[in-house]
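Trainee: Could you walk me through reading the chain contacts and the annotations here?
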Amino acid sequence: MRLLAEGLSARRGEDLIFNDISFALSAGEALVVTGPNGSGKSTLLRVLAGLLMAESGSLKLESGPPEMRHPSEISHYLGHRNAMKRELTVAENLSFWKDFMGDSQGGSGKGLVEAVEAVGLPGIAHLPFGYLSAGQQRRMAMAKLLVAYRPIWILDEPTAALDAGADKLFAGLVNAHLDRGGIVVAATHQPLGLERIKELRMTGFSGVGGGMWHDA
Amino acid sequence: MIALFFRDLKLSIRAGGGAMIGVLFFMTVVAVIPFGVGPDLNLLARIGPAILWIGALLASLLGLDRLFQAEREDGSLDLMLMQETPLLVTVFVKCAAHWAATGLPLVIAAPLLGLFMNMDELAIGATMLTLLVGTPAITFIGAVGAAVAVSLPRGGLLVSILVLPLAIPVLIFGVSAVYAAIEDPAPFLPPLMILMAITLFFAVIGPVAAAAALRHASD
Amino acid sequence: MSENSLAIRKFSDLANPTRFLALADRVLPWFAALTALFFVVGLWLSFTTEGDYQQGETVRIMYVHVPAAWLSMMCYSVMALAALGTLVWRHPLADVSSRAAAPIGACFTFLALVTGSLWGKPMWGAWWVWDARLTSVFVLFLMYLGLMALNRAMDDPARSSRVSAVLVLVGFVNIPIIKFSVEWWNTLHQPASVLRLDGPTIDPEFLRPLVVMAIAFTLLFFTLHIAAMRNEIWRRRVTSLRRLAARSAGREA
């Protein structure tokens, strides 16, 4: 499996956020997107997750499942928000996403108990999600990556609000995913402690031209 | 998809959920009317079906703005947009769960309020039946408004304004079916059939339009 | 003065949740037994006394309707007192009391409305009329439901207690309106015939079962209220234990 991006550019509203981004990732490789605030890391990840239309360029998956329309269908996306309901218990949240997402071809998700243990929070899955602290909530959101199998993980600032111990735990999860032949794209400020990474430095696109109200 | 249905039901019943609020609002609106028009029982019996319908219409608009906004705020909507299952199926299931949590209680509460309005058994039965058939249409229309207003900070009022004009046909045929049932010469079935047709029509159009709006609203 | 402060100390001892739980455990069986006893006697009296020569057998509805209506107002008064306790003394148990009373009050009000409706159908020919007494009781019912919804909507009891206490006190305006509605306005509902300054105008034949049933209902209310308060305290303890569990989880990892 190979994820190919060629000449991607995207705009938000009127502003061109980034221009001509290309990379290729094969199974077992990770791409770490770095750069200052406002350089378009989150926007790039949302384009990869199919949540934003790319202005130009293409995103392809080679030798993926045959009847797939967009790579997002076999991707996990962990954004700034955790996509968990405060009113429901952790177990209810996780089992909902497990059922709702289902597994992609070529793998199967972990059980709830196993996933909660993998993020180091066993024994509190019966509590409402809202009772958990910010760091615990983030870790439970990571458990969501484990309960349904997806070969591609798209992670936006995954370790924000985590302490050092949880950082290491998370690096372990990502490395295990890479060992299984997964692909990881992560935007981050901090080093994630990953092996086999490619780095993409986004510098921010400061050009004014290209907007429809300007003569480029 | 069944998981989504039951999750939404659970959410509406848990603390802060809107299931009970809708019925309470319905009861309050209907209880306020006699203060305005006076306690004449014959008059109330005559306008009762219309009041129940208007009350139900307003009550089912109440929680609609949260249908997608809550999902968007915690990021769940992003994940729903990414899945292989078509978005319109997701929207349809969410509408069904929303109706089961807020619309169905209104239908069940209607007979009680019918007694307050001094309506007879036939009128109460007809109102209940038309509400059962008609309120899903309001939810499906409302889903479009909720999807359009999803990214607005204060979308709640806007949803009602967007949805109310579209829901007028439902109100017209719902109320006219009830009156056809009470008053002899007019036949009951045609307006009821039209009401069903409206519901089925919006059950298709609503999720399609809402899904399209949600796709474009995401950024 | 010292006697007074002793009473206050005793009262605040009682207001300690743990002591309250111990007391509730001791008192509840007695209350429950007394309630059952009064209900047996009351129901027996209700069904054996003579019917009214005008109303026939339907008059027996009164033995449920009047106590339920009386309880619906008393329950709200208890809530208003508790709300005062919340606002003035800021005592947690006052909030527990007010919160536990709301569903019970709603049930009694509903019972009063339903039995009144059943009584009204043969008497007035309609299930419901919009006269002052009935309407104000219905408003009371809506207020109970609204308070329950408010209590449910806010999951943090510490914050919600003041807000709902204020609302309870504002809503208390309705109670005198209900009580005196039959005198202020010319209503279809009959005026008070038991609690009057010049003594009851009701025949002793009806008064006896009515009083017994009223006592039975009042005892029932206290039984349910104490049990509900106990449950509420337990519920809050469970909640705080769960929060504690969430805080301490994963700390050693």
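Mentor: Sure, annotations to begin with: UniProt positions are given in the numbering used here, feature names are shortened, and annotations may be inferred rather than shown by experiment. This is a predicted model, where local features need pLDDT of at least 70, side-chain atom pairs count only at pLDDT 80 or more, and totals for chains, interfaces and linings use all residues. Residues are numbered from 1 along each chain as its sequence is written, while chains are lettered from A and ligands numbered from 1 in the order in which they are written.

Trainee: Where does UniProt place the feature "transmembrane region" in chain C?

Mentor: The unreviewed UniProt entry puts it at residues 27-47, 67-89, 101-120, 132-151, 163-186 and 206-227 of chain C.

Trainee: How much helix is in residues 67-89 of chain C?

Mentor: Helices (H or I, at least four residues) and strands (E, at least two) are DSSP runs, numbered from the N terminus. Residues 67-89 of chain C are 96% helix and 0% strand, with end C-alpha atoms 32 Å apart. For residues 101-120 of chain C it's 100% helix and 0% strand, with the ends 28 Å apart.

Trainee: How many residues of chain B are in contact with chain C?

Mentor: Contact means that C-beta atoms, placed from the backbone, lie within 7 Å. By that rule, 14 residues of chain B are in contact with 15 residues of chain C. Helix 2 (19-37) of chain B supplies the largest share of chain B's side, 7 residues.

Trainee: And how many residues of chain A are in contact with chain B?

Mentor: There, 22 residues of chain A are in contact with 19 residues of chain B. Helix 2 (90-101) of chain A gives the largest share of chain A's side, 5 residues.

Notes:
Contact = placed C-beta atoms within 7 Å.
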